[in-house]
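Biologist: Got a minute to go through this one with me? I'd like to start in the middle and work outwards.
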Amino acid sequence: MKDARPSKTAEVTALQRASEQKRPPPERILDDPFANCFLTKTTQAALAAWEHRGKLGNLLGWFSVGLTTFVLTRHRYMDDRLLEALACKEKAPHRIVVLGAGYDMRAHRHAKAIDGRPFLEVDHPATGKRKTGILDKLEREGRLTAPRAEQLLIDFQTESLEERLKQAGLQGKERVFFIWEGVSMYLTREAVKNTLRTLSKVSAPGSQIVFDCWFLLDQPDLRSASHRFLANMLLFLGEPVLFGIHPEDAGGFLDQCNLKMMETVLPRELKSRYVRDDRRVYPACYTVWARTGE
Ligand SMILES: C[S@@+](CC[C@H](N)C(=O)[O-])C[C@H]1O[C@@H](n2cnc3c(N)ncnc32)[C@H](O)[C@@H]1O
């Protein structure tokens with residue numbers, strides 16, 4: 001990611017959530033009433049042009065062959081895992097950490113379930129500073145009712161996440177719920193491994209992580225080829241897809257990073273859990289839920 005400007009892909013995922021918010025509540029995969037606040041004027045204008053019933057979502061879905069629906073279902077899946085963990089009386093997390101937070105508003109959307117637990121958002125300085133400016137404005141307008149997350153600004157590729165998290169108070173004694181959404185694919189393999197290995201060093205056993213991965217559809221047909229091509233197109237947003245791992249290989253990879261696989265959820269399953277209409281889910285990504293040792 002280029003340092004100077006806030007992440008474009010973070011704005012795209014906010015746009016996808018904002019377009020979902022245009023649908024009637026029963027049709028929505030998730031609710032994010034704040035997503036619209038993070039869109040630039042141009043993006044807001046594009047969204048406003050499709051006022052009704054998430055038509056922008058349909059259009060993006062058509063172009064991206066289900067990428068929008070994947071982004072929405074992964075967010076919902078991670079919401080569900082977080083809420084489930086928070087509801088677990090004995091083993092609930094003491095703290096929540098979102099890595100590569102972008103315009104994630106879980107600290108506000110789930111404030112009641114979070115119940116005052118420390119909430120840390122880690123992101124690249126360019127994106128994090130833009131978010132702070134927007135949250136300041138929302139606060140002045142009285143639109144934030146929950147405590148704001150603490151922010152930690154870092155470049156995962158060049159700085160030590162372990163050191164910075166330890167400085168931020170993660171000393172390995174608390175159970176942490178980590179969310180790492182829409183980031184692994186933009187990092188080098190080394191940076192992905194370092195990030196995952198860091199988690200068990202800075203949190204207590206029984207901590208959890210949810211994240212998502214891209215993988216290479218390794219079929220020779222045209223559809224698979226078009227998905228491989230689409231991933232490369234993100235180069236033009238300045239955030240090329242670098243890291244991928246096949247879901248069959250994910251368990252072994254996590255073992256190397258001192259994590260235990262709980263489940264991988266493939267696009268077909270995400271669709272059956274969360275999509276109530278004919279929207280497709282992008283087939284070359286999946287979600288992962290894992291935990292640190294006993
Ligand atoms: C696709 S966005 C995902 C944002 C958010 N998690 C979501 O799902 O809406 C990728 C996020 O990763 C962050 N990111 C990308 N490369 C990074 C790096 N090298 N260091 C820190 N953050 C990075 C970006 O700033 C951005 O917020």
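Biologist: What's on the two faces of β1, and are those residues buried or exposed?

Modeller: Buried on both sides. Arg95, Val97 and Leu99 are on one face, Ile96 and Val98 are on the other, and all are buried. Bear in mind that this is a predicted model.

Biologist: Noted. Why would the residues split up like that?

Modeller: In a regular strand, side chains alternate between the two faces of the sheet.

Biologist: Which strands does β1 pair with, and in what sense?

Modeller: It runs parallel to β4, joined by 5 bridges, and it also pairs in the parallel sense with β2 (residues 119-123), over 4 bridges. If you want landmarks, Leu99 has Trp180 as its bridge partner in β4, and Ile96 has Phe119 in β2.

Biologist: Let's zoom out. What's the strand order in the sheet?

Modeller: The order is β3-β2-β1-β4-β5-β7-β6, an open sheet of 7 strands with mixed pairing. β3 (150-153) and β6 (259-265) are at the edges with a single partner strand each, so one side of each has no neighbour in the sheet. From one strand to the next, the twist averages 20 degrees.

Biologist: Mixed, so where's the antiparallel part?

Modeller: Look at β7 (residues 285-292). β6 and β7 pair in the antiparallel sense over 6 bridges, and β5 and β7 also run antiparallel, with 7 bridges.

Biologist: Which residues could I click on to see the β6 and β7 pairing?

Modeller: Try Glu263, which stands opposite Trp289 in β7. Another is Met261, opposite Ala290. For the β5 side, use Trp214, whose bridge partner in β7 is Cys285.

Biologist: How many of the β7 residues are buried?

Modeller: 7 of its 8, so call β7 mostly covered.

Biologist: Which strands does helix α9 touch?

Modeller: Helix α9 (residues 189-202) packs on the sheet and touches β1 (95-99), β4 (176-180), β5 (208-214), β6 and β7. Its direction makes about 120 degrees with that of β6.

Biologist: OK, changing topic: the nonpolar core. How many residues are in the largest one?

Modeller: It has 69 residues, and Ala14, Val97, Val122, Phe178, Ile209 and Cys213 have the most contacts inside it. Helix α4 (residues 67-87) gives the most to this core, with 8 residues. You'll recognise Val97 from the first face of β1 we talked about.

Biologist: What's Ala14 in contact with, once you skip its sequence neighbours?

Modeller: Leaving out anything within four places in sequence, Ala14 is in contact with Ala35, Phe38, Leu39 and Tyr103.

Biologist: What about Glu11, where does that sit?

Modeller: Glu11 is in helix α1. It counts as buried because 21 C-beta neighbours lie inside 10 Å, and the cut-off for buried is 20 or more.

Biologist: Which residues does Glu11 touch?

Modeller: Phe38, Leu39, Thr40 and Thr43, not counting residues up to four places away in sequence. Phe38 is 27 residues from Glu11 along the chain, and their C-alpha atoms are separated by 6.8 Å. Phe38 and Leu39 were on the list for Ala14 too.

Biologist: Now the ligand. Which residues come nearest to it?

Modeller: Thr13, Gly100, Gly102, Thr127 and Gly182 come nearest, out of 21 residues around the ligand. Helix α1 (residues 8-20) gives the most to that shell, with 3 residues.

Biologist: How does the shell break down by class?

Modeller: There are 8 nonpolar, 9 polar and 4 charged residues around the ligand.

Biologist: Last one, backbone oddities. Which residues have a positive phi without being a glycine?

Modeller: Two to look at are Asp115, with a phi of about 55 degrees, and Asn258, with about 60 degrees. Most residues other than glycine have a negative phi.

Biologist: Where are they, in strands or in loops?

Modeller: In loops. Asp115 lies between α6 (111-114) and β2, while Asn258 lies between α11 (250-256) and β6.

Biologist: And how exposed is Asp115, and how exposed is Asn258?

Modeller: Asp115 is exposed, with 9 other C-beta atoms within 10 Å. Asn258 is partly exposed, with 15 other C-beta atoms within 10 Å.

Methods. Residues are numbered from 1 along each chain as its sequence is written. This is a predicted model: local features need pLDDT of at least 70, side-chain atom pairs count only at pLDDT 80 or more; totals for chains, interfaces and linings use all residues. A residue is near a molecule or strand if its C-beta atom, placed from the backbone, lies within 6 Å of it. Ala, Val, Leu, Ile, Met, Phe, Trp, Tyr, Cys and Pro count as nonpolar, Asp, Glu, Lys and Arg as charged, and the others, Gly among them, as polar. A nonpolar core is a set of buried Ala, Val, Leu, Ile, Met, Phe, Trp, Tyr and Cys residues joined through C-beta atoms within 7 Å. A residue is buried if 20 or more other C-beta atoms lie within 10 Å of its own, exposed if 12 or fewer, and partly exposed in between; C-beta atoms are placed from the backbone. Two residues are in contact if their C-beta atoms, placed from the backbone, lie within 7 Å. Two strands pair if DSSP finds at least two bridges between them. Axes are lines fitted to C-alpha atoms, for helices over the stretch in contact, and angles run from 0 to 180 degrees between N-to-C directions.
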